[in-house]
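Biologist: I should like to learn how to read strand pairing, burial and backbone geometry from a model. Could we take the features in turn, with the general idea before the case?

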Amino acid sequence: YDLFNVSVTVPPCKKIFTVQEFLDLGAWPIGQTSPGKSLNFFSGGNIGLDDVKLMQLPGAANGTNTFVISATPSNPGPLAITGAGVASISAVNVAVPGTYIATWTIWDDADASGAPNGAEASDTFQVKVQVGTMSYTLNPLTVDAGSVEPSGLNLGFGLTLTNNAAGLPLTRLRLDNLPLSDGGGNTIASDNIAIYTVNNPIPPTVTAGQAIPVDLALFVPAGTPAGIYSATQYIYHDDNGNNKWDGPAEFRASFVLQATVPLVPKVQVMAATVGLGGITPGTSKLVSFNCRNTGNVTLTGLRWQKVNLMSGANVITAANASFPPSELFSVAPGDFFTRQVELSVPGGTPYGLYESIPNHFWLWADMPVNNVRDPGEASWSFKISCEVGDLLVDIDEPNLSVAGPPNATTPSTTLSARNTGSLALVNIKATGTALILTPPVAGA
């Protein structure tokens, strides 16, 4: 073998490169301005750049657009070795339908001529923009959500949207939802209306001539008075992506949404299980829980139906549960209300987790009052549970001692507490009595 040397000469040079060779600004209706799209560029030579500029190359071969395609900034200025920058490219007030591809250059205008001279560091990239008409239709023009009870949700009904055969592709469809009204001052707020996308998601692009299903969802809040509700709704194309309709420049199509709210008595205990926690035999416990009139009828004659609580074969009878204050009571449509349940655990009750037996406790509106839970009456079933055992705590230290000078705060000390019972301890607190001198000091 033999050895030889390799010599490489690296001349001084200026280089500039764009990361993106092709920028697609999307499809835009006549008169709109596209949001800026980022163009990343960097200096790739070994000499800094004096004055970086961007421009669309002249001539029909480099683009036939009559509207402006802009770069911001159009003159980024000096760029150090390995330096990088970003420019925003946008089509401004687009006009004349068609698909346009413009060729741009980014260069170092070292001679300050305002145009590339062929010897300066430069790179090219292309910009595409489609211009046309935005248009689509909705069918049917009246969409009936049917009968929806208060606190009820109807999903999956809807309409068909068909893009115009000569229209632009649709990429940002949005629902402009407005409150439903019964004509008498009662409304269903607009935030209860939405496009439902679980079964039929809106595709990212709806091509020219394509028809798609648009499913809707409607929730009727508790307390909504009975009646027929309706209002005009709009599906618009959010050209600039700001999630609101910006006026006639953004196309929209309308339909009427209507729903019937029936007169329905309904009630709900908000928690599926009302837990009382730990209870020691021979004591009782009182717990509050939340309920609601979820219908649109004033409920009267509200009362409770009780059952036994069981842990295996062991029983706490229904008679040991009560719901102060006493029955009967009334609640207005849609109102929340708080009630209490008190459970007494007889002495000698075996330890264990006790739960109400199926079909558990009931809250119901006895309308008319006959002491029977009749079909059609507002009612709600819920579970009650508790754990029977010992509530015990021990402190490990028989005495705690600290020392300090008069009229000063002593250092802190620590005690260790231990749960020696069979139940979990909650809301643990410590109290103390006044300190006394030991042994007593005369005159103190």
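Biologist: Which residue in strand 3 stands opposite Ile-16?

Modeller: In general, strands of a sheet pair through backbone hydrogen bonds, either parallel or antiparallel. In this predicted model, Ile-16 stands opposite Ser-43 of strand 3. The pairing of strand 1 with strand 3 (residues 37-43) is antiparallel and runs over 3 bridges.

Biologist: In what order do the strands of that open sheet lie?

Modeller: The order is 1-3-7-5, with 4 strands in an open sheet and antiparallel pairing. Strand 1 (16-18) and strand 5 (68-72) are the edge strands, each pairing on one side only. From one strand to the next, the twist averages 30 degrees.

Biologist: Which strands form the open sheet that contains strand 22?

Modeller: That open sheet consists of 4 strands in the order 20-22-28-26, again with antiparallel pairing. Its edges are strand 20 (268-269) and strand 26 (321-322), and each pairs on one side only.

Biologist: How many bridges join strand 22 to strand 20, and how many join strand 22 to strand 28?

Modeller: Strand 20 and strand 22 (residues 284-292) pair over 2 bridges, whereas strand 22 and strand 28 (residues 336-344) pair over 9 bridges. At the residue level, Gln-268 stands opposite Arg-292 in strand 22, and Val-269 has Cys-291 as its bridge partner there. Arg-292 also has a bridge partner in strand 28, namely Phe-336.

Biologist: Which residues form the covered face of strand 10, and which the uncovered one?

Modeller: In strand 10 (residues 136-139), Tyr-136 and Leu-138 form the covered face, while Thr-137 and Asn-139 form the uncovered one. Strand 10 runs antiparallel to strand 12, and 4 bridges join them. Within this pairing, Thr-137 of the uncovered face stands opposite Thr-162 in strand 12.

Biologist: Let us turn to burial. Is Gln-233 buried or exposed?

Modeller: The cut-off for burial is under 20% relative accessible area. Gln-233 counts as buried because its relative accessibility is 0%. Gln-233 belongs to strand 18 (residues 227-237). Leaving aside neighbours within four places in sequence, Gln-233 touches several residues, including Leu-175, Leu-180, Ile-193, Ala-253 and Phe-255. A polar atom of the Gln-233 side chain also lies 3.5 Å from the backbone oxygen of Ala-231.

Biologist: Why does Thr-171 count as partly exposed?

Modeller: Partly exposed residues fall between the buried cut-off, under 20%, and the exposed one, over 50%. Thr-171 is therefore placed in this class by its 37% relative accessibility. Thr-171 is located in the loop between strand 12 (152-163) and strand 13 (173-176). Beyond residues up to four places away in sequence, Thr-171 is in contact with Pro-204, Thr-205 and His-237. The side chains of Thr-171 and Arg-172 are joined by a polar contact of 3.2 Å.

Biologist: What can be said about positive phi values in the loop between strand 7 and strand 8?

Modeller: Most residues other than glycine have a negative phi, and most peptide bonds are trans. In the loop between strand 7 (84-92) and strand 8 (98-108) lies Asn-93, with a positive phi near 50 degrees. Val-96 is in the loop between strand 7 and strand 8 as well, and its phi is near 65 degrees. Asn-93 counts as partly exposed because its relative accessibility is 46%; Val-96 is also partly exposed, at 45%.

Biologist: Where are cis peptide bonds found?

Modeller: One runs from Glu-327 to Leu-328, with omega near -5 degrees. Leu-328 is in the loop between strand 26 and strand 27 (329-331). Another cis bond runs from Met-367 to Pro-368, with omega near 0 degrees, and Pro-368 lies in the loop between strand 30 (361-365) and strand 31 (379-388).

Biologist: Finally, how should the chain as a whole be read, and what is its radius of gyration?

Modeller: The chain has a radius of gyration of 38 Å, whereas a compact globule of 444 residues would have one near 22 Å. Its C-alpha trace spans about 100 × 75 × 60 Å along the principal axes. The secondary structure comprises 0 helices and 33 strands. Of the 444 residues, 34% are buried. Among contacts between residues at least 6 apart in sequence, 74% join residues at least 24 apart.

Key. Residues numbered from 1 in each chain as written. Predicted model: local features only at pLDDT ≥ 70, side-chain atom pairs only at ≥ 80, totals over all residues. Heavy atoms only, no water. Pairing = 2+ DSSP bridges. Axes fitted to C-alpha atoms, helices over the stretch in contact; angles between N-to-C directions. Buried < 20%, exposed > 50% of the residue type's maximum accessible area, 1.4 Å probe, protein only. Contact = heavy atoms within 4.5 Å. Polar contact = N/O pair within 3.5 Å; in protein donor to acceptor, adjacent residues only side chain to side chain. Rg over C-alpha atoms; globule rule 2.2 N^0.38 Å.
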